[in-house]
Amino acid sequence: MRTNCTQEIRALLRAHSDGMTIEQVVWAVKRDKANVKKTIRAMPDAYIDRWEAVPRKQYAAVWCVVVPPEDCPRPENVDDMAVSTVSKPKRQGYKSAQVQP
């Protein structure tokens, strides 16, 4: 059931490229506000684009989703870009970090 909600929200946000607030999404998909909020926050492609003023001097987040490009080729040398090749500087102990007069 959650997957269907996620797909429905993702399609809705992609259709509205200017973004939507949580309240607008809730009204459009006819689901519980807490569930919509939790689903949007769990979506890896959703982000807050801007904040809009709402009554009582508060702000509402306007959510958008990333639209992946149609042609996004994978790099050929993926193995060469492994994270394990990045070396971290060694941490110095207390005695080696002391300054000699």
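Which residue takes a positive phi in the hairpin of β1 and β2? R56 does, with a phi near 65°; the legends below begin with an overview and then turn to the close-up views. The model is predicted: local features need pLDDT of at least 70, side-chain atom pairs count only at pLDDT 80 or more, and totals for chains, interfaces and linings use all residues. Residues are numbered from 1 along each chain as its sequence is written, and side-chain values use heavy atoms, with hydrogens and water left out.

**Figure 1. Overview of the four helices and two strands of the protein.** The pattern along the sequence is α-α-α-β-β-α; helices (H or I, at least four residues) and strands (E, at least two) are DSSP runs, numbered from the N terminus. Of the 101 residues, 24% count as buried (buried means under 20% relative accessible area, exposed over 50%, partly exposed in between; 1.4 Å probe, protein chains only). The accessible surface comes to about 8800 Å², of which carbon and sulfur atoms hold 53% (Shrake-Rupley method with a 1.4 Å probe; for residues, only the protein chains shown count as cover). Among contacts with a separation of 6 or more, 42% join residues 24 or more positions apart (contact means heavy atoms within 4.5 Å).

**Figure 2. Pairing of strands β1 and β2.** Strand β1 (residues 46-54) runs antiparallel to β2, with eight bridges between them (two strands pair if DSSP finds at least two bridges between them). One of the bridge partners in β2 is C64, which is matched with Y47. Three residues stand between the strands in the hairpin, where R56 has its positive phi. Strand β2 (residues 58-65) is mostly covered, with six of its eight residues buried.

**Figure 3. Nonpolar surface patch of I48, W51 and Y59.** Together these residues have about 380 Å² of accessible area. Patches are made of residues with over 30% relative accessible area and no salt bridge; like charges are joined within 9 Å, nonpolar side chains (Val, Leu, Ile, Met, Phe, Trp, Tyr) within 5 Å. A salt bridge is a side-chain nitrogen of Lys or Arg within 4 Å of a carboxyl oxygen of Asp or Glu. Y59 belongs to strand β2 and counts as exposed because its relative accessibility is 58%.

**Figure 4. Buried and exposed residues of helix α3.** Within α3 (residues 33-42), V36, T39 and I40 are buried. Seen down the helix axis, the buried residues of α3 fall within an arc of 95°, so they line one face (the arc is that of the directions from the helix axis to the C-beta atoms). K38 and R41 are exposed on the other side of α3.

**Figure 5. Surroundings of T6 in helix α1.** Helix α1 spans residues 2-15. T6 counts as buried because its relative accessibility is 15%. Beyond its neighbours within four places in sequence, T6 is in contact with T39 and M43. The C-alpha atoms of T6 and T39 are 6.3 Å apart, while the two residues are 33 apart in sequence.

**Figure 6. Surroundings of R10 in helix α1.** Not counting residues up to four places away in sequence, R10 touches M43, P44, D45 and V65. R10 and V67 are 57 residues apart in sequence, with a C-alpha to C-alpha distance of 9.7 Å.
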